[in-house]
Amino acid sequence: MAIDIPTRTDQLPTSATRFIGKAVNRIEDPALVSGTVEFIDNLSLPGMLHCAILRSPHPHARITAIDASAALELPGVEAVLTGEDVERWCDPCFTAPEGWGNYCLAVGKVRFVGEPVVAVAASSRYIAEDALELIQVEYEVLDPVANPDEAMASGAPLVFENRGTNVIQSRTYTWGEVDRVFAEADRVVSRQFRWNRVGANPTETFGCICQWDLADNSLTCRGAYQTPRFMAIGRAASLRLPANKVKIISHAQGGGFGGKGGPRGTDIAALLSRKCDGRPVKYIEDRMEYLLAGGGQSWDRYYDAAIALKADGTVTGFKVRLVDDQGAGAEGYGTISAAKPLAAFTGNYRIEAAFYDLTLVATNRAPTYPYRGYGPPPHNLVLESLMDVAARELALDPAELRRRNYIGPEQFPYTVPSGNEYDSGNYAAVLDRVLELSDYKALRESQAKARAEGRLVGIAVVSTVEPGVFDWNAYATVGVPGVGVPEGVKVAVDVFGNITVAIGFNLQGQGQFTVAAQVVADYLGVEMNAVKVTTASTDVALPHFGQGGSRLGVAVTGAILGACDKLRQTFCRVVAHVMQTEPDQVELMNGRLQLKAAPAHGMTIAEVAGLMLSRSDLLPPGVEPCPEATFVWVSPNRNLPDDQGRCRSYLTAAAATHVVQVEIDRDTGQVKILGYYIVDDCGTRLNPANVEGQLQGGVAQGVGAALYEEYVYDPQCQPLVSTFVDYLMPTIHEVPMTVKDHIVTPSPIAPLGAKGCGEGAIHTTPAALLCAINDALAPLGLECRETPASPRRLWNLLHGQHGH
Amino acid sequence: MKPAPFEYHAPTSLADAVTLLARLENEGCDAKILAGGQSLMPMLAMRVARPDALVDLRQVPGLDHIRLQDGRIAIGAMASKRAAELSELVRERQPLFHAATRLVGHQQIRNRGSVGGSFAHADPASEYPAVALVLDMEMVATGPDGERVIPAAEFFVTYMTTALEPGEVLTEVRMPVLPPGTGWAIREITRRSGDLALAGVALTLRLKAGRCADARIAAFGIDATAVRLSEAEDALRGAVPTTESFARAGAVAAASLADPMSCIHASAEYRRHLVGTLLERALADAAARAH
Amino acid sequence: MSTRKTIRLTVNGKPYEREVEARLTLADFIRHELHLGGTHVGCEHGICGACTILIDGSSARACLTLAVQADGASITTIEGLRNRETGQLHPIQQAFVDAHGLQCGFCTPGFIMTTLELLGENPDPTDEEIKEALGGNLCRCTGYQSILDSVRLAASRINTATAA
């Protein structure tokens, strides 16, 4: 049957939506505020053991001997796992591109500080940690590769000897006549930028409980799993199991943001379980493990970039050379995050030609992992910073320069040079609204006054596009095959008319359970509290992906609409049969299946479901007694990329403009955010409170990346940040309370017109803050081109200026 | 991040605590005193500190007073920082100590963290040691040989090291009430609100006949202990309290620092500069309070 | 053996007596011995505030306290807030729900316990006072704005209820 996925809320079978579009309370929250949600560390299984991991103190060393005999003698210790076991039972994790993965425990040599070397299973975590102190590991220290320059030097030590090089990938993309537009430019603005490592740091670290069934040779893993199905496939590959013998049970997660590297901990706990006759083994990563090497490090980037302009400010070309320090291999898909900017390479602008030169390098830093936004935050910082430099050189207001270059509302759908198609937008309207909201003119006047007093006050107006609803095809050129990321749901109506939605993912914070309930309730005309959303384990779940790529709110909406439409069609057939008419004479409206011609005649959802489940004698031929439907949604109309990576990848293009005013204290280098204003357009806001939460949370992470957070390594590649004393996530004092408004340009192609909105703010905030800082520094002729713009860095800049 | 095993003792009198500490020392047992635990616990969890035994002072009576005693304010070592923060006596009669207390960590930390613990821990980035130098505080310790009083200038030896002997218990800290009309200030630079200071200054300032009669200044977060900034104090003596003289004092202070610490958040030169800036600003705060 | 000790304490009004290892943190004791899992652990070194509980009415980080130090204490955890009979949420909990003051919810019990102390001491706090009180609790999801709103909402509701 043909399935109809509404792209507008007025196409829903209801006279007025009661939940969609409203800031309804989240169904997740009563349990969360009560402390009763089962995060993985709350769960204990009978006979469960606890894992602790001994990690490498060296960035690069050969393991010459391991003696764990004393640890094994400690009462309470059940097993010790070393690289020897791992080499026998495991393969290195698969990577894109292939062949740059580590084993879960070091085999032969260690490649970064914090790499697991030996793991212990004991009766408590305390005893397991005691045992680690009894293990002797001898190392032959090797020269580390501390940064990309060292890595690419001839004769450099090799992180992966079998590769023969430290360059994981090097390629260029050319879109349009780049050489011509730069040759014909009236002005070229170029700069170098350094984005230092930051990362996700969800408040809950990774954790899991793994149990190996020795009889069945199968594995069950419960844990804080984002993308459970992906995790199951990965574990099957690394642990040499058939994929159907790995079952992932995803628990609620205390935040994710991409960087919750579960594969290593899972494989280690699984193998310990195998070694302990199948007893369940719990591994809870602690914060120091997380900070050292837990999957929370991302984006270690060196940029050299330029834009070409005409005299009137028209930007015609954009060139980016990126050298990306991936750390020790590609296990965390840091590689493909460098390709994400293809989805919106040229931002909000009509730039006709672009060029991207990517060099992904392995070093002895910890491997990099995804982090919210997956690449564009640094990329946008580069583009928007260049726009501001150009505006200064042209003596144009930065808002005006942007306006002159915006893609016009009439130009959508708009294909950017890097290939993606933006669905819709109205960037000038967003800009107009934020300039009004911030009283931009008054901000500039206050800046002029402050400057006259010698104060360093700066303002930025920064615009970005947020590619929403990711697809595999965006990453095909860096080694990820396929088109179409599935999200499957089952919607089931019980005999009383209650509804269960089974999905493949669990809570992580974004509120998708609530969105699912809102959509089902409005579609089927029930109250939200009649809807139960539940997570299926991977052995029974439909194909799904879960959280990731600013996608799930839209994807789960699409999946539910598809399943509901199938239910509607089945119900219409049943009711038509009972009422002795044709299915097309029956409609669903406000929770009733009724005759189109005589709406007073009909049945409620509950009555239809009850009938289906209890009166098979009344069912039409071919209809099963099953008031349930499944649907697996993929983005419509996606395609394979060409050799330059061009394709319709991300389905939606949300947009935002942030206006921020900052002041730098000349003597301390500290930055104070004086005002922060946001106007965004993510199409239909399915739950406006959820959207605002995504925006504000992204701002906070952007503030962290721009001003506070940094994984610092010394020149010998030793990490200097291993606690929250030094990894400085912003508190309530550091994050501005923002003033927000929005406009709505619904997506013409996405379910209910909603666009992905989980990443837009972190895409924008770092750029906005750095641009504002540089606006403040402009009278001094100084520029900060490195993040985070910490007090020390800014003071150093100012110090050079004043010659202290 | 779980502590290594240790023996736990909770003596119920000061005499018992002192006896116990002496016995443990004789047995070659590395014992540490547990007060509020707010600094010790992370070190235990990271196994940076691995004592054989902890001696918890929680049940020792008579260590949590905050009172006026012979014209000075006496605070029992086990009084919480929150109690000091809420004490009317401290707030009204020793506002510098009060302000310093409010800068320590967050309320959850101040609720549990003891006043004495911060002195005994002697973290050079913490506020109390600097305030102790400025106020000429006294630390009262009880050991096998009885009680002794250690002046602040002798108490802080080096990084996280004090003049307390292994068997001694810090029981009380004493400070003068601030003479009426004395200006005071404490300022610090932290990366985030509530973090340990990258640099800070604490001071008192007395004005007489429109001039600085006496300034007592200490800096924290810059060296292995808090340091008196005596050259800046000298530079201020007799100076008219103006923006210029305060800037000059700041410059003198910055130049007087021997070898400031360096870390990932602040270089030595940056710290040096911060001390000058903070002093200049703190002097202005203090002058506004002085009369 | 003095590495173990018997402690007696009250948690959410219920008395407990347990023999514990001296090194056991109060956070681990509450979570894994008493099976009160709402006190979450985010850093185990006293920075994130997720494990905030009340000890004798004052907020404390359960990870920076040993279980033995809580001998004789009266402890309140997030599980103690809800009405046991009716299941009704505490006004602070309800305000966090209504003002969307949480996303993943992992840090939320810590924020709520800190707010409980704040509003007990200062029923009508200013925004600055709220920020001062919550400065020791990290949230990675919300960006704090909705948390500030939640505390304001809780304060105004409690004050209205008290006035009535």
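Student: What distance separates the centres of domain 1 of chain C and domain 2 of chain C, taken over C-alpha atoms?
Tutor: This is a predicted model. The domain assignment splits chain C into domain 1 (4–80) and domain 2 (91–163). Taken over C-alpha atoms, the centres of domain 1 of chain C and domain 2 of chain C are separated by 22 Å.

Student: Which strand gives the most to the side of domain 1 of chain C that touches domain 2 of chain C?
Tutor: In this contact, 14 residues of domain 1 of chain C meet 12 residues of domain 2 of chain C. On the domain 1 side, β3 (52–55) and β4 (58–61) of chain C each supply at least two residues. That side of domain 1 of chain C has 6 nonpolar, 8 polar and no charged residues. The strand that gives the most to it, with 3 residues, is β3(C).

Student: Which helix of chain C provides the largest share of the side that touches chain A?
Tutor: The contact between the chains takes 41 residues from chain C and 41 residues from chain A. Helices α2 (91–98), α3 (108–121), α4 (127–134) and α5 (145–163) of chain C each supply at least two residues of the chain C side. By class, the side of chain C that touches chain A has 19 nonpolar, 15 polar and 7 charged residues. Its largest share, 4 residues, comes from α2(C).

Student: How far apart are the C-alpha centres of domain 1 of chain A and domain 2 of chain A?
Tutor: Chain A is divided into domain 1 (9–37 + 486–633), domain 2 (41–142 + 205–253 + 261–293) and domain 3 (376–469 + 650–802). Between domain 1 of chain A and domain 2 of chain A, the C-alpha centres lie apart by 40 Å.

Student: How many polar residues are on the side of domain 1 of chain A that touches domain 2 of chain A?
Tutor: Domain 1 of chain A puts 17 residues in contact with 13 residues of domain 2 of chain A. The residues on the domain 1 side divide into 6 nonpolar and 1 charged, with the polar ones numbering 10.

Student: What is the radius of gyration of chain A?
Tutor: Chain A holds 20 helices and 29 strands. For 804 residues the globule rule gives 28 Å, and the value for chain A is close to that, so chain A is as compact as a globular protein of that length; its radius of gyration is 27 Å.

Student: How far apart are the end C-alpha atoms of residues 34–143 of chain A?
Tutor: An unreviewed UniProt entry annotates residues 34–143 of chain A as "domain: Aldehyde oxidase/xanthine dehydrogenase a/b hammerhead". The span is 19% helix and 31% strand, and its end C-alpha atoms lie apart by 51 Å.

Student: What percentage of residues 1–180 of chain B is helix?
Tutor: The UniProt annotation "domain: FAD-binding PCMH-type", from an unreviewed entry, covers residues 1–180 of chain B. The end C-alpha atoms of this span lie 49 Å apart, its strand content is 25%, and its helix content is 36%.

Student: Are α5(B) and α8(B) roughly parallel or antiparallel to each other?
Tutor: Helix α5 (residues 95–102) of chain B packs against helix α8 (residues 127–135) of chain B at an angle of about 170°, with the axes 9 Å apart. Angles over 145 degrees count as roughly antiparallel. The two helices, α5(B) and α8(B), are therefore roughly antiparallel.

Student: Which residues of α5(B) meet α8(B)?
Tutor: The contact of α5(B) with α8(B) has 7 nonpolar, no polar and 1 charged residues. From α8(B) come B:E127, B:Y128, B:V131, B:V134 and B:L135, and they are met in α5(B) by B:L96, B:F97 and B:A100.

Terms used
Residues numbered from 1 in each chain as written. Chains lettered and ligands numbered in written order. Predicted model: local features only at pLDDT ≥ 70, side-chain atom pairs only at ≥ 80, totals over all residues. Axes fitted to C-alpha atoms, helices over the stretch in contact; angles between N-to-C directions. Parallel < 35°, antiparallel > 145°, perpendicular 65-115°, else oblique. Contact = placed C-beta atoms within 7 Å. Nonpolar A, V, L, I, M, F, W, Y, C, P; charged D, E, K, R; others polar. Domains from an automatic or database assignment. UniProt positions renumbered as here; feature names shortened; annotations may be inferred. Rg over C-alpha atoms; globule rule 2.2 N^0.38 Å.
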